[in-house]
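Reader: I am new to this structure. Please show it to me, and then let me ask about it piece by piece.

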Amino acid sequence: MAEAHALCQTHPDVVSDLEWQGELDAEIDHMLLPRRIETANSTAVMETAADLRAALESSSTSMRRLGANADHRVCLRAEFAADDAEVITGIHRTCILRGGQYAPAPYMAEMTLHLVAGRWRSASIRAGLRNAPCNVIGPNRP
């Protein structure tokens, strides 16, 4: 399972770097549509790249509003699906940082990766925080 763990650590590292660089199209290219995003109090399915772009822009705006300047995800557990070697589920501890401090408090997240056309892409994320602090789904959700 070491390979699953490495893939589940590398994917969010790459996507996070792209987000902080403002490379939203490249970030979207690492995701699979439709993409399911869940928070502790809201759920959305992004059907199109435009929907996903709007959610990513909202998240970036929220992070800047919080004064965040980095985020870090540590993969705690990852495994291939028992019936499909092209699906991995990983659990991460996610920290959004503001000058070395948490903004907001760290939270757990579960991500599902699918191997599509030779590339691992994120199909879903379930984040253990409310949508309001970081607007990971979009600003029009609680």
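Reader: Which residues does His114 touch, leaving out residues up to four places away in sequence?

Author: This is a predicted model, where local features need pLDDT of at least 70, side-chain atom pairs count only at pLDDT 80 or more, and totals for chains, interfaces and linings use all residues. Residues are numbered from 1 along each chain as its sequence is written, and side-chain values use heavy atoms, with hydrogens and water left out. Contact means heavy atoms within 4.5 Å. By that rule His114 touches Leu32, Glu86, Val87, Arg119, Trp120, Arg121 and Ala123.

Reader: Where is His114 found, and is it buried, partly exposed or exposed?

Author: Strands (E, at least two residues) and helices (H or I, at least four) are DSSP runs, numbered from the N terminus. His114 is found in strand β6. Buried means under 20% relative accessible area, exposed over 50%, and partly exposed in between (1.4 Å probe, protein chains only). His114 has 24% relative accessibility, so it counts as partly exposed.

Reader: What distance separates the C-alpha atoms of His114 and Phe80?

Author: Along the chain, His114 and Phe80 are 34 residues apart. In space, their C-alpha atoms are separated by 9.9 Å.

Reader: How many helices and strands does the protein have, and in what pattern?

Author: The protein has four helices and seven strands. Read along the sequence, the pattern is α-α-β-β-α-β-β-β-β-β-α.

Reader: Which strands pair with β1, and in which sense, parallel or antiparallel?

Author: Two strands pair if DSSP finds at least two bridges between them. Strand β1 (residues 31-38) and strand β2 (residues 43-46) run antiparallel, joined by four bridges. They form a hairpin with four residues between them. β1 also pairs over four bridges, in the parallel sense, with strand β7 (residues 119-127).

Reader: What stands opposite Arg35 in β2, and what is the bridge partner of Met31 in β7?

Author: Opposite Arg35 in β2 stands Met46. In β7, Met31 has as its bridge partner Ser122.

Reader: Which peptide bonds are cis?

Author: Most residues other than glycine have a negative phi, and most peptide bonds are trans. One cis bond runs from Leu33 to Pro34, with omega near -5°; Pro34 lies in strand β1. Pro104 is found in the loop between β5 (101-102) and β6 (107-116). There a cis bond, with omega about 0°, joins Ala103 and Pro104.

Reader: What is the phi of Ala117?

Author: Ala117 lies in the loop between β6 and β7. At 79% relative accessibility, this residue counts as exposed. Ala117 is not a glycine, yet its phi is positive, at about 50°.

Reader: How many disulfides does the structure hold, and how far from Cys8 is the nearest cysteine sulfur?

Author: A disulfide is a pair of cysteine sulfur atoms within 2.5 Å. A search of the whole structure finds zero. Cys8 is in no disulfide; the nearest cysteine sulfur belongs to Cys75, at a distance of 4.9 Å.

Reader: Why does Cys8 count as buried?

Author: The class follows from relative accessibility. Cys8 counts as buried because its value is 0%.

Reader: How many salt bridges are there?

Author: Side chains of opposite charge can pair when their charged atoms come close. A salt bridge is a side-chain nitrogen of Lys or Arg within 4 Å of a carboxyl oxygen of Asp or Glu. By this rule the count is eight.

Reader: What separates Glu57 and Arg53 in helix α3?

Author: Glu57 forms a salt bridge with Arg53, and the closest N and O atoms are 3.2 Å apart. Glu57 has 38% relative accessibility, so it counts as partly exposed. The two residues are four apart in helix α3 (residues 49-65), so what separates them is about one helical turn.

Reader: Which residues does Ser16 touch, not counting those up to four places away in sequence?

Author: Ser16 lies in helix α1 (residues 2-20). At 6% relative accessibility, Ser16 counts as buried. Asp71 and Arg73 are both buried too, and their side chains meet in a salt bridge (3.2 Å, N to O). Ser16 touches Asp71 and Arg73.

Reader: Which residues are linked in a network of salt bridges?

Author: One pair is Glu110 and Arg126, with closest N and O atoms 3.5 Å apart. The pair links distant parts of the chain, with Glu110 in strand β6 and Arg126 in strand β7, 16 residues apart. The network links Arg36, Glu38, Glu110 and Arg126.
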